[in-house]
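Reader: I'm new to this one and would like to go through its side-chain contacts with you. Could you put the structure up before I start asking?

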Amino acid sequence: MYSLLKKEITSFFGSLTGYVVVFVFLLTTSLFLWVFPGNYNIPEGGYASLDGLFSLAPWVYLFLVPAITMRLFAEEKRLGTMEVLLTRPLSVLQIVFAKYLAGLLLVSISLLPTLFYFYSVYALGNPIGCIDTGGTWGAFIGLFFLAAIYVAIGVLASALTDNPVFAFILALFLSFLAYLGFDLIGSMELPSGIQQFIIGFGINEHYQSVSRGVIDSRDLVYFLSAIFAFLFLTSRVIHFHKINFRNEVRKVVLMVVALVVAAIISGQLFFRLDLTAEKRYSITEVSKKVVKNLEKPVNITLYLDGELNTGFRKFQKSIIEKIADYNAYSSQLINLTIFDPYEITDAKRRDELFSELIAKGLQPANIRQNTDQGTTTRLVFPGALIAYDDRQTSVNLLKNNQNLHAEVNLNNSIESLEYEFTSAFADLMNDEKQAVAFLDGHGELNKYETHDFSGALSEKYTVSRVFASQLNSKDSLYKVLIVANPTKAFTENDKFYIDQYLMNGGRMMWLIDPVSVSLDSLSTGYTTLAFPRNLNLDDQLFRYGIRLNYNLVQDVECLMIPVNTAPAGSPSKFTPAPWYYSPLLGPSQNHVISRNVNRVKAEFVSSIDTVGKSDKLQKTVILGTSNYSLTAQTPQEISLASVNNPPDRRLFKLPSQAVGVLIEGTFTSVFQNRMVDSFGMKSSEVKAESQPTKMIVFSDGNLIANKYRIRNGVPEFLEMGYDQYSKQTFGNEELLMNAVNYLSNDEGLMELRSRTFTIRLLDKVRMKEEKLKWQLINVLVPLLLISVFGAVYVYLRRRKYKC
């Protein structure tokens, strides 16, 4: 076998044809990766990744591998040396395997110079070496297996004819059929189970997983089984003149049975090795449990396709890969359909689709692209509609924080994909909604002021309004209680009911204004008075580990409001000016509730202190001001005139002030050791210590409020967190929805938001200044390496035979 292997290697590199084949492969690959504009171009993409190589390789290999394998058996037949070969003391299978190893070794040699691309991306990373090394080497393993199966197909094609050119064409056709043909058949309108079965026969389905750096035992079994099957068929073709039909049928049947058994066992007992640095292609146990419990197929329609910039193409690819990760564990097929709305050429029909998608909850985004005609703006919908059984929900996948760079926003969006999809699947499967209640009876925000947030909650919760006395009834099943900006003092009775609700494991979200400010007075008279608001809650919140301070926080990071700067008697001229009493609060990046959430719009907020040192309670700040804050005790006078005469900038030197705090653990009742007979309960019935539970306290009651007006008897609503002057929507709704989800969920879904992925970018400055240099290096150096190898090989061969 070794002598036969050596003969094939010598024959390949002993002729000019072998070098031409490798030259064409390397030149084509390097031009697409480093010179030609397009999806595969590494400098144009801007990411420290070789994804372009692993996406391009299957198509280049369609031509390279047949060119290498076409002569393996066809040339033997053409020259009449096949019979001589069969007389060697080798079995037919050994001969086939020797030829196969020769072809695989030749393809591997042609692949070695591409490692220089890895070095180039490594050197150009920002910082240097930021490329995901583990994932890249895993992808090279996938590329090797792709080459291995293509070589096996090429060997079979070469054995079927004595014409090398025909063998090349046949190998190309069979390789394309095996790579993409089953996907094309599976894309037809067939039952999901049949689709999944057909697609599973294709190379693409398995290569896509391995090319990301994920080693799945089911993919390895597929590649090894396919290689064995093609080599077995090759041996039968060569042995055809001595064939015993009955024996051959028995062998084929045994082979098919063995492959089917291997496939079944590998499908039940499998492992996945995610070689990427952040395990970005591994889903958590929570997600695995959710998709394993799917009883029917899931259909996802993604409206993100067509002419996309590099960042959105990467985002789309990440979505496709995440669905593939789910399908690795799902009991039912999760089918992803990608649709480009711009395929609808009729502008009217396309606008109707846009309106329909917006009505279903998908939020559009504008992307700008530089084209030959200049900069163009395109409306896209980076979201999906998910259908399960007869239910449907919409998921917005893009985290669009206007204060962050586009790369950071897209990376944050990729980080949250698993949370968005898993929570959507869980909601669609859930037949019973949990109950969330707004507290009434103390001047809280009315149903119009909480309309926007109540509507968002109603998509996954049953929402109602209750009085405190209803909390401890036997029929009370409220998972979360929201106290939204009360303005009247709480009675001891109501405090007792709330306290016992908490002691029984209830979860709470307090949104309280410790200071009262009349906005009406401020808007009409320029001046108002801020004074402490007595809600009779200080002792209760203090026992729970929180103190609301009767102060107002001013912050350099704040909203801008229009101020008339025109001289008296002149036409009005409005100029934006900072309103320090409306801070833009920063969500903490260290907790799943607030991580990757846009800044939060607030007005007249107070600071929060955590008190007590109980080992049974854990306190986490999830919302705060910037590090340039100023506090003032109340009562104090507030005037719009302060915009023209702001405090000295040097006074804003306080560090971040807590405005939102999460408390988790076991709480002590504020009514412990107190007489409770007047509340209609015996002291023995009072719970002095709670079950493990959670609460969140915000020191701004209007974080949850939306503005509205009544026109002709019909209320018109603005989105919560919307600023009508800057035309921005801030992160109020997302933060508070995350807060309610965290309070209500005991299955760990919210922990999915803690995943972090490193942004791996190329050094843009070096790429701009040294682009031509690296293009020349990556195009010429691999060719030079092969040339040097060829020259040395020819020199040594001539010297050997000359002697």
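Reader: Let me start with E75: is it buried or exposed?

Author: Keeping in mind that this is a predicted model, E75 is buried, and its relative accessible area is 15%.

Reader: Which side chain does E75 meet in a salt bridge?

Author: That partner is R78, and the N to O distance between the two side chains is 2.6 Å. Both residues belong to helix α5, which covers residues 74-79, and because they are three residues apart there, about one helical turn separates them. Unlike the buried E75, R78 is partly exposed, with a relative accessible area of 49%.

Reader: And how many salt bridges does the structure hold?

Author: There are 33 salt bridges in the structure. Another one of them joins K317 to E321, whose closest N and O atoms are 2.5 Å apart. These two residues are four apart in helix α16 (residues 310-327), so they too are separated by about one helical turn. K317 counts as partly exposed at 29% relative accessibility, while E321 is buried at 8%.

Reader: What about K399, which residue does it form a salt bridge with?

Author: K399 pairs with E420, and their closest N and O atoms are 2.7 Å apart. E420 sits in helix α19 (residues 417-429), whereas K399 is in the loop between β9 (391-396) and α18 (406-415), so this pair ties together parts that are 21 residues apart in sequence. Both of these residues are buried.

Reader: Which residues are linked in a network of salt bridges?

Author: One such network links R212, D216, R218, R272 and D325.

Reader: Switching to rings, how many aromatic pairs does a search of the whole structure find?

Author: The search finds 34 aromatic pairs. Among them is the pair of F197 and F201, which is edge-to-face, with 5.0 Å from centre to centre and 85 degrees between the planes. F197 counts as exposed at 57% relative accessibility, and F201 is partly exposed at 44%.

Reader: Which residues form an aromatic cluster?

Author: One cluster is made up of F54, F118, Y122, W137 and F140.

Reader: Last thing: which ring does the charged end of R236 sit over?

Author: The charged end of R236 sits over the ring of F232, at 5.5 Å from its centre. In another case of this kind, K99 lies over the face of F73, and the distance to the ring centre there is 5.4 Å.

Key:
Residues numbered from 1 in each chain as written. Predicted model: local features only at pLDDT ≥ 70, side-chain atom pairs only at ≥ 80, totals over all residues. Heavy atoms only, no water. Phe/Tyr/Trp six-rings, centres within 6.5 Å; stacked < 30°, edge-to-face > 60°. Buried < 20%, exposed > 50% of the residue type's maximum accessible area, 1.4 Å probe, protein only. Lys NZ or Arg CZ within 6 Å of the ring centre and 35° of its normal. Salt bridge = Lys/Arg side-chain N within 4 Å of Asp/Glu carboxyl O.
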